Amino acid sequence: MSRKTLTQYLVEQQRNNNAIEAEVRLLVEVVSRACKAISHAVSKGALGGVLGSLESENVQGEVQKKLDVMSNEILLEANEWGGHLAGMASEEMETIHHIPNRYPKGEYLLLFDPLDGSSNIDVNVSIGTIFSVLKAPADISGREVTEEDFLQPGSQQVVAGYAVYGPQTMLVLTIGNGVMGFTLDRELGSWVVTHENMRVPEDTKEFSINMSNMRHWAPPMRQYIEDCLAGTTGPMGKDYNMRWIASMVADVHRIMTRGGIFMYPWDSRDPKKPGKLRLMYEANPMSFIIEQAGGMATDSVNRIMDIQPTELHQRVGVVLGSKNEVARVKDYCAGSK
Ligand code: P6P
């Protein structure tokens, strides 16, 4: 019995549950095909001449890796012609990307981090692509898209997903009724269902944070981590393990698979920045996926998907994963602990 493919899953969702419109199904198919191409480029490594950095910096002031730019181009070119999008936004581009006039425009907005965790590229550690789909405002057909059209809270997302380029290449996707995991069958070139209805365990003993930033955290966050480190000798009454891959997609995928809590909280290094991670194309899509799998996602206190964005590349503190552990952090940080 052959396994179900992404296409079959999407057609079933469209036909049976009316859970997805034809335009959105096409969009997901196009993005997933682009992720296959990115996976192929990433897997070549040094053999493909794609490692290393460029002299350029992106809007975040980060040195761009060759694969960052390549992945961005793959996603732009794959999605421009389809007629399903009104515009795109990327971590790698300062302003929004308009659909060229030679192509029809659609009703959806695509946002993405084309290659997240790119500091891991040159050391052969898992990296990934994160994407989010919003519906453009109703009047979009009569005008050009603007940056403001993208500034919608995460609760408005229609689709969210990530591809993780690791020992396996996997696609994890939500269209708003649970989370499905697909593994790339390189022989067939198909995304094949391997993880139906992914769920995040409600409790965990594993936390994920960059401990080198500890002295910069707000006191309640420091106290929470100190209590985790105290294990059974402290108030938590259990010993914790720690993981930090420094690739959000890989850390989140581990949590989607076995539970855990991922934190990149506010720190005092740059008080103007509420966190390192970006709201629109990292925190929001990951929060949608985590919540759809029964987890929880906050900025340490407030639900991430309730945040009204004010800037395309704004940053946010992120605490997400096993809901009872995220709720515990909220107790610490909201001062009720
Ligand atoms: P640090 C990768 O650059 C990234 O945006 C996320 O994927 C990852 O979780 C985080 O930054 C790692 O940050 O400060 O530990 O290098």
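**Two domains and a C-terminal helix**

In this predicted model, the domain assignment of the protein divides the chain into domain 1, covering residues 6-195, and domain 2, covering residues 206-333. The centres of the two domains, taken over C-alpha atoms, are separated by 24 Å, and the contact between them involves 47 residues of domain 1 and 32 residues of domain 2. Together the domains bury about 2800 Å² between them, with 63% of that area on carbon and sulfur atoms. On the side of domain 1, the residues that lose the most area to domain 2 are Ile 130, Leu 151 and Tyr 162, which together account for 21% of what that side buries.

The polar part of the interface can be described in similar terms. Across the interface of domain 1 and domain 2 there are 15 residue pairs in polar contact, and one salt bridge is found there. The elements of domain 1 that each give two or more residues to the side touching domain 2 include strand E3 (85-90), strand E5 (108-116) and helix H4 (147-150), while E6 gives the most, with seven residues.

Turning to helix H8, which spans residues 323-333, one finds that Glu 325, Val 326, Val 329 and Tyr 332 are buried. These residues lie on the same side of H8 because they cover an arc of only 110 degrees around the axis. An α-helix has 3.6 residues a turn, so residues three or four places apart point the same way. Among the elements that cover the buried residues of H8 are helix H5 (219-230) and the strands E13 (261-264), E14 (296-298) and E15 (318-321). Just after H8, Gly 335 adopts a positive phi of about 80 degrees.

Terms used:
Residues numbered from 1 in each chain as written. Predicted model: local features only at pLDDT ≥ 70, side-chain atom pairs only at ≥ 80, totals over all residues. Heavy atoms only, no water. Buried < 20%, exposed > 50% of the residue type's maximum accessible area, 1.4 Å probe, protein only. Helix = DSSP H or I, 4+ residues; strand = E, 2+ residues; numbered from the N terminus. Arc of directions from axis to C-beta. Contact = heavy atoms within 4.5 Å. Domains from an automatic or database assignment. Buried area = accessible area lost by both parts, 1.4 Å probe. Salt bridge = Lys/Arg side-chain N within 4 Å of Asp/Glu carboxyl O. Polar contact = N/O pair within 3.5 Å; in protein donor to acceptor, adjacent residues only side chain to side chain.
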